[in-house]
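Visitor: I would like to learn how to read a model like this one. Where do we start?

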Amino acid sequence: MSQLDSMSQELPATGMEKFLEDNFRKLVWLFVVVVVAIVAYGIIHHQQTAAANEAAEEFTSAKTVEDCDLVISRHSGTNAAANALLTKADMLWKQNKKSSAVEALKEFTTKHAKHPLFVHTLLGLGTKLDAMGERKEAQAVFERITREFPTSEAAPLAQVRLGDLLWAEGKQDEAKKAYEDLAVKFPDMPEYQSLGQNRLNWIAASLPTKEVDPPPAPKIEPKPGETPSIPGMPKINLTPGAGGLGATIAPPGAVPSAPAPTPSVTPTPAAAPAPATPAPSSPSTPASQPEPKKP
């Protein structure tokens, strides 16, 4: 019995040794390949991390549209390039370059479908298209959000925007359907259901979807003897003011000023004439004597 046990123990050991002898070179090559793969993965991961950090630094320092374009061209396919596209679109929209901003958002939705802000970017794209009057494209974007991303945070808001767009186009039945679907598609979001119900009430009340021009201002009739005022025309005063001043013209919008007071003039009394001084008598001229009385 003991001999059988010893033989059974020797057989597995002998088989293992033989396996190692026959496959030693293969095992060595396999080990070398694994080591090389691990080292290569480490190098690639390190390079990707360094490139991502560099791209993030460049994106953080981007201040203009041109800076964003550099990040996009140098680091294509990275999150930094995607963020640069979003920043570029925002800058262009603020600069009133709306078509270029929409094109940047479309490029983002084409190249960065896995970005965490992808659905919110779609919502922004639809809103901007609606603001530009591109309602068909905007409707397609809102419908895509509710269809492909029904559990996202942007889905109920896209449903509301879809109803608003249809209502603005005069499609009240379709708009009502969009608002009613809020309670069906998003039963756990009462705030959006309240928005939909409010809009349904407005539709039932036949409220206008566009602003109405106010009534014209009442016409003011001039008083008797008063010259009617014409917008933009200077005010002419034909009545002479105190002191004999003539007509005056005031610029439009100026407040007429009171006429300047005429300075009072006090007459200065004339100086009294100086007393005449008698001229001295000449020595060659005798002084006149009184004539003697006759007896």
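Guide: With helices. Helices are DSSP runs of H or I with at least four residues, numbered from the N terminus. Keep in mind that this is a predicted model.

Visitor: What does the secondary structure of the protein chain come to?

Guide: Nine helices and two strands. Along the sequence the pattern reads α-α-α-α-α-α-α-α-α-β-β. Of the 295 residues, 23% count as buried.

Visitor: Take one residue. Where is Trp 29 found?

Guide: In helix H1, which covers residues 2–60.

Visitor: Is Trp 29 buried or exposed?

Guide: The cut-off for exposed is over 50% relative accessible area. Trp 29 has 61%, so it is exposed.

Visitor: Which residues form a nonpolar patch with Trp 29?

Guide: Val 28, Val 32 and Val 36 join Trp 29 on the surface. Together the four have about 380 Å² of accessible area. Here is the general idea behind such spacing. An α-helix has 3.6 residues a turn, so residues three or four places apart point the same way.

Visitor: Now a helix as a whole. How does the reach of H7 compare with the expected value?

Guide: H7 spans residues 154–168, 15 residues in total. From first C-alpha to last it reaches 21 Å, close to the 21 Å expected at 1.5 Å a residue. After H7 comes Gly 170, with a positive phi near 85°.

Visitor: Why is H7 described as largely enclosed?

Guide: Because 13 of its 15 residues are buried. Val 160 lies in this helix. Its relative accessible area is 4%, and buried means under 20%, so Val 160 is buried.

Visitor: How far is Val 160 from Leu 195 in space?

Guide: 7.8 Å, C-alpha to C-alpha. In sequence they are 35 residues apart.

Visitor: And Asp 90: in which helix is its place?

Guide: Helix H3, residues 79–94. Asp 90 has a relative accessible area of 39%, which makes it partly exposed. Its C-alpha is separated by 9.6 Å from that of Val 65, 25 residues away along the chain.

Visitor: Last, ring contacts. Which residues lie over the ring of Trp 93?

Guide: For a lysine, the test places NZ within 6 Å of the ring centre and within 35 degrees of the ring normal. Lys 98 lies over the face of Trp 93, at 5.3 Å from the ring centre. The charged end of Lys 128 also sits over that ring, 5.1 Å from its centre.

Visitor: How many aromatic pairs does the structure hold?

Guide: Two.

Terms used:
Residues numbered from 1 in each chain as written. Predicted model: local features only at pLDDT ≥ 70, side-chain atom pairs only at ≥ 80, totals over all residues. Heavy atoms only, no water. Phe/Tyr/Trp six-rings, centres within 6.5 Å; stacked < 30°, edge-to-face > 60°. Patch = residues over 30% accessible without salt bridge, like charges linked within 9 Å, V, L, I, M, F, W, Y side chains within 5 Å. Areas by Shrake-Rupley, 256 points an atom, 1.4 Å probe, with all protein chains shown as cover. Salt bridge = Lys/Arg side-chain N within 4 Å of Asp/Glu carboxyl O. Buried < 20%, exposed > 50% of the residue type's maximum accessible area, 1.4 Å probe, protein only. Expected span 1.5 Å × (residues − 1).
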